[in-house]
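Let's take a walk through this one together, starting with a single residue and working outward to the way the helices pack. Keep the model open and follow along.

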Amino acid sequence: MLHWIVLALVPSGLMLATSTFLTTDIVAVPLLWVLPLGLYLLSFTVAFSARRTMADAITRYAPITILVFGGMMIGGHHEFPLLSALAALLLLLAVSVTLHAHMYALRPAPGRLTGFYLAMSVGGALGGAFAGLVAPVLFDWTYEYPLLILAAGMLAPLPFLLPVTERLWVAGA
């Protein structure tokens, strides 16, 4: 149950941290928070869909996406604000779909789904409370953003990108 809570906490917190990052570090535009919220909500549709093609493709390349775009966001290279904003939004979508799809894969039998959805709701509320209430009091900068990116990197499943890589890994073990 704790794993479900953490898997829900990170995308929720990252959605709010992305909104804060975009509006404070990139550009202050009214209603810009709608984009991260929309992508976060879209991630549920993709991750919980019966057709797994898109969720599986995003999950497969999520570690690379987190490494490249997360490194770009944490590194603070913002010479091209539009590119930084797009990278932050793509990173949010990839992390949200990946962690929600991982939650979907770990869902229990139908008789225990109430506890699953309760844990998912608690995780979402805790992620929002962390990014929206706790982090501004604790930090003097948007440190919650890189912290949540690192947490996403640790929680994302690490599939093999190519079958040959998997064969080499299994043969060497």
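Ser19 sits in helix α1. This is a predicted model, and in it Ser19 has a relative accessibility of 10%. Buried means under 20%, so Ser19 counts as buried. Who does Ser19 touch, once its neighbours within four places in sequence are set aside? The contacts are Trp33 and Pro36.

Now hop over to the loop between α3 and α4, where you'll find both Gly76 and Phe80. Phe80 has 58% relative accessibility, so it counts as exposed. Gly76, at 36%, counts as partly exposed. Try a couple of distances from here. Gly76 and Asp25 are 51 residues apart along the chain, and their C-alpha atoms are separated by 9.2 Å. For Phe80 and Ala94, 14 residues apart along the chain, the C-alpha separation is 21 Å.

Next, the helix pair α3 and α6. Helix α3 covers residues 53-75 and helix α6 covers residues 144-155; their axes come within 10 Å and cross at roughly 165°. Anything over 145 degrees counts as roughly antiparallel, and that is therefore how α3 and α6 run relative to each other. As for handedness, the crossing of α3 and α6 is left-handed.

Which residues make the contact? From α3 come Ile66, Gly70, Met73 and Ile74, and they meet Tyr145, Pro146, Ile149, Leu150, Ala152 and Gly153 in α6. Sort that group by type and you get eight nonpolar residues, two polar and no charged.

Two of the names in that contact, Met73 and Tyr145, turn up again in the largest nonpolar core. This core has 41 residues, and Met73 and Tyr145 are listed with Leu22 and Val95 as those with the most contacts inside it. Which elements give two or more residues to it? They are α1 (2-26), α2 (34-47), α3, α4 (81-105), α5 (113-138) and α6. The largest share, 12 residues, comes from α4. In soluble globular proteins, nonpolar side chains tend to be buried together.

Finish by zooming in on Tyr145. Not counting residues up to four places away in sequence, Tyr145 touches Leu14, Ala17, Thr18, Phe21, Met73, Ala88 and Leu91. Met73, one of those partners, also belongs to the α3 side of the contact between α3 and α6, so to speak closing the loop on our tour.

How values were computed: Residues are numbered from 1 along each chain as its sequence is written. This is a predicted model: local features need pLDDT of at least 70, side-chain atom pairs count only at pLDDT 80 or more; totals for chains, interfaces and linings use all residues. Side-chain values use heavy atoms; hydrogens and water are left out. Axes are lines fitted to C-alpha atoms, for helices over the stretch in contact, and angles run from 0 to 180 degrees between N-to-C directions. Helices (H or I, at least four residues) and strands (E, at least two) are DSSP runs, numbered from the N terminus. Angles under 35 degrees count as roughly parallel, over 145 as roughly antiparallel, 65 to 115 as roughly perpendicular and the rest as oblique. A crossing is left-handed if the near helix is turned anticlockwise from the far one by less than a right angle, and right-handed if clockwise. Contact means heavy atoms within 4.5 Å. Ala, Val, Leu, Ile, Met, Phe, Trp, Tyr, Cys and Pro count as nonpolar, Asp, Glu, Lys and Arg as charged, and the others, Gly among them, as polar. A nonpolar core is a set of buried Ala, Val, Leu, Ile, Met, Phe, Trp, Tyr and Cys residues joined through side-chain atoms within 4.5 Å. Buried means under 20% relative accessible area, exposed over 50%, partly exposed in between (1.4 Å probe, protein chains only).
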